[in-house]
Amino acid sequence: MSSQTPERAYQQDTLVVREARGHTLGLRMKATAALAMMDELPAVTQIRTWNADDNAPMLAVNRRLGYRTDGVLRVWERRLAPERGAATT
């Protein structure tokens, strides 16, 4: 949430350890966070979140909670060769 857009909040990462996945923990955590935001910040009418497009379980959680795609962020990466003569481990 920022002073320029008080109606918009951001829900950052939802992390679940590998051993606990598949038991709706991510869904419950994300839903609880959204409900808390509605109670504590009534001016908020939008919650933005994101995740990788290959994370099917969290995409399903987002859809189940009513989120919809609003944009796409594409990141380009180029791996550089190690510097010549530099020690590598």
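Biologist: Which parts do the buried residues of α1 pack against?

Modeller: In this predicted model, the buried side of helix α1 meets three elements: β1 (8–10), β2 (46–48) and α2 (56–64). The residues of α1 that count as buried are G26, L27, K30, A34 and M37.

Biologist: Why do these buried residues lie on the same side of α1?

Modeller: Start with the general idea. An α-helix makes a turn every 3.6 residues, so residues three or four places apart point the same way. Here, the buried residues of α1 span an arc of only 105° around the axis, which puts them on the same side of the helix.

Biologist: And which exposed residues sit on the face turned away from the buried side of α1?

Modeller: Look there for T32, L35, D39 and E40. The helix itself runs over residues 25–40, and its 16 residues reach 22 Å from the first C-alpha to the last, close to the 22 Å expected.

Biologist: K30 is on the buried list. What does K30 lie over?

Modeller: K30 is placed over the face of Y67, 5.4 Å from the ring centre.

Biologist: Now to rings that meet each other. How should I read an aromatic pair?

Modeller: You describe a pair of aromatic rings by two things, the distance of the centres and the angle of the planes. This model has 1 aromatic pair. The pair consists of Y10 and W50, with 6.3 Å from centre to centre and 55° between the planes, and is classed as tilted. Y10 belongs to strand β1 and W50 to the loop between β2 and α2, so the pair ties together parts that are 40 residues apart in sequence.

Biologist: Are Y10 and W50 buried, partly exposed or exposed?

Modeller: Y10 has 34% relative accessibility and counts as partly exposed. W50, at 44%, is partly exposed too.

Biologist: Let's finish with charges. How many salt bridges are there?

Modeller: The count is 3. For each one, check the distance between nitrogen and oxygen, then ask where the partners lie. R48 and D70 meet at 3.1 Å, N to O. R48 is in strand β2 and D70 in the segment after α2, so this pair ties together parts that are 22 residues apart in sequence.

Biologist: Which other residue forms a salt bridge with D70?

Modeller: That is R68, with the closest N and O atoms 4.0 Å apart. R48, R68 and D70 are therefore linked in a network of salt bridges. 

Biologist: And which residue partners E77 in a salt bridge?

Modeller: E77 pairs with R79, the closest N and O atoms being 3.3 Å apart. E77 is exposed, with a relative accessible area of 61%, and R79 is exposed at 73%.

Definitions and conventions:
Residues are numbered from 1 along each chain as its sequence is written. This is a predicted model: local features need pLDDT of at least 70, side-chain atom pairs count only at pLDDT 80 or more; totals for chains, interfaces and linings use all residues. Side-chain values use heavy atoms; hydrogens and water are left out. Helices (H or I, at least four residues) and strands (E, at least two) are DSSP runs, numbered from the N terminus. The expected span of a helix is 1.5 Å times one less than its number of residues. Buried means under 20% relative accessible area, exposed over 50%, partly exposed in between (1.4 Å probe, protein chains only). The arc is that of the directions from the helix axis to the C-beta atoms. Contact means heavy atoms within 4.5 Å. Rings of Phe, Tyr and Trp (its six-membered ring) pair if their centres lie within 6.5 Å; planes under 30 degrees apart count as stacked, over 60 as edge-to-face and the rest as tilted. A charge sits over a ring if NZ of Lys or CZ of Arg is within 6 Å of the ring centre and within 35 degrees of the ring normal. A salt bridge is a side-chain nitrogen of Lys or Arg within 4 Å of a carboxyl oxygen of Asp or Glu.
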